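Work through the exercises below with the sequence and the coordinates at hand. Each task is followed by a stepwise solution.

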Amino acid sequence: MNAPQLSEQETIRRASMEEMRRRGIEPYPAAEYPVTGYSDEIKENFKDDEPERPVSVAGRVMGRRIMGKASFMELQDSKGRIQVYVNRDEICPGEDKDLYNVVFKKLLDIGDFVGVKGHVFRTKTGEISVHATELTVLGKSLRPLPVVKIKDGVVYDSFDDPELRYRRRYVDLVVNDGVKEIFIKRTKVYNSMREYFNNAGYMEVETPILQSIPGGAAARPFITHHNALDIPLYLRIADELYLKRLIVGGFEGVYEFSKNFRNEGMDRTHNPEFTCMEIYVAYKDYNWMMSFTEKMLEKICLDVNGTTEVKVGDNVISFKAPFPRVTMAQAIKDFTGVDITGMDEEALRRTAKDLGIEVDESMGKGKLIDEIFGEKCEGNYIQPTFIIDYPIEMSPLTKRHRDNPELTERFELMVNGKELANAYSELNDPIDQYERFVEQMRLAEKGDDEAMIIDKDFIRALEYGMPPTSGMGIGMDRLVMLMTGQTTIQEVLFFPQMRPEKKPQQQASDSAQAEESAE
């Protein structure tokens, strides 16, 4: 294997690492370092009239100002930044002054991890700082950080290329303000939702990721192979059918935060690996679930942001309950002027074409209606709105509407022009469910590669009896986008899926081809 080609800065830093070792300083010590304080609470709790407070902090060096035997260092820990005052005569007493001159001035770099023991004080300029009495190297940085500099209002060395930021999230988190806060809020979203469910008495469970039949949604799965059993397996596209088996088994309310996988394209709202929460509650219907969902989202928004409103792009979105409810047929009529009630497949296909929507012969009634709604209606719903009462062809796992057997008791919650949640009064009639699965197989034979496969074991479970149940699924990544005001899913995933990184020679070849094309 060829040795990696190092930049000049990387070469210098490796030499600094070796020089530290030569002087008896281990750049990667193994011992625990005792942290007793963090930047935010040190500054919040400091009082000028309090006794000298000893403290031990640790973090990255993010800036230095060397002024002879006294220097200032900016230390970044997990909570923020704090200034550290370093005096040569205090950290290197006696004959060790050369250690300060060489190690602190020449061998210590921005990005290095250090531990600092000392006491808290306020400088003459009024900045709360740590007066260092002991400095320990905890981790040498061999690559220079792209530290952002601002001079005369101009930003230099900014780390803002999206592809680099997503590939090197570890750097993005260090140097870009606000990125870490997005992921702190992500955890708050999960904690708030869990609290809501747990307080209602529902139980968090786990279901299989590797499944013999990919069910619970209309999507194209990832396929793998189990060598020992010599069978194909699928990464789950949803956990619905397993959670409903647990309702059959006697649990009254179950929920799961599941990693789902769909073999589809990537864009600003889709990642092939994503997190979904699904909850199923016995003896409830979709009307109850709408009220339950809107109250949950109002609570989450308050817990995360302290208000029921969030700004996403140019839109201010209110999660104050209750939310409007609009039937799917009415939504299509509102935005196209066309009443689809009673239309057969061919009439829907003609309507779609008349509306300028691209369709093909593999699409059944459900897919055609879905295309019309998606193209002409969905993007118009900015404020949270429940779209209810979907045609039966669109909802193979949903109970027929109690007042109209051509419809189902289903809702999707639209927010900021996208679906956020999907819920049903669950179909618990095993005969009706089997017939719906058979219809899905007919669609598959016509070429619909997202049609559901018959899950015979799920039918068998229903035959043992399932109580009236309502279920709801919500895309957690999209919810976090909304609660943090982000417009792309990549901003709320630590490590979004990316194309393979090009090797340097490949990048050079691409650049050469681009130059030839330009000529």
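**Exercise 1.** Is Glu-240 buried or exposed?

Solution. The model is a predicted one.
- Step 1: place the residue. Glu-240 lies in helix α8, which covers residues 240-248.
- Step 2: take its relative accessible area, which is 3%.
- Step 3: apply the cut-off. Buried means under 20% relative accessible area, so with 3% Glu-240 is buried.
- Step 4: list the surroundings. Apart from neighbours within four places in sequence, Glu-240 is in contact with Gly-216, Glu-278, Tyr-280, Leu-397, Tyr-424 and Glu-426.

**Exercise 2.** Describe the closed barrel and the pairing of β1 with β2.

Solution.
- Step 1: give the strand order. The 5 strands of the closed barrel run β1-β2-β3-β5-β4, and the pairing is mixed. From one strand to the next, the twist averages 55°.
- Step 2: examine one pair. Strand β1 (residues 53-67) is antiparallel to strand β2 (residues 70-77), with 7 bridges between them.
- Step 3: locate a residue in the pair. Val-61 faces Leu-75 of β2.

**Exercise 3.** Which residues have the most contacts inside the largest nonpolar core, and which helix gives the most to this core?

Solution.
- Step 1: identify the core. It has 47 residues, and those with the most contacts inside it are Met-193, Met-277, Ile-279, Phe-319, Met-472, Ile-474 and Leu-479.
- Step 2: assign the helix. Helix α9 (residues 286-305) gives the most, with 9 residues.
- Step 3: inspect one member. Beyond four places in sequence, the contacts of Met-193 include Phe-257, Met-277, Met-296 and Ile-474.
- Step 4: check for another core. A second, separate one has 27 residues, among them Ile-25, Val-61, Leu-107 and Val-130.

Note on methods. Residues numbered from 1 in each chain as written. Predicted model: local features only at pLDDT ≥ 70, side-chain atom pairs only at ≥ 80, totals over all residues. Heavy atoms only, no water. Helix = DSSP H or I, 4+ residues; strand = E, 2+ residues; numbered from the N terminus. Buried < 20%, exposed > 50% of the residue type's maximum accessible area, 1.4 Å probe, protein only. Contact = heavy atoms within 4.5 Å. Pairing = 2+ DSSP bridges. Axes fitted to C-alpha atoms, helices over the stretch in contact; angles between N-to-C directions. Core = buried A, V, L, I, M, F, W, Y, C linked by side-chain atoms within 4.5 Å.
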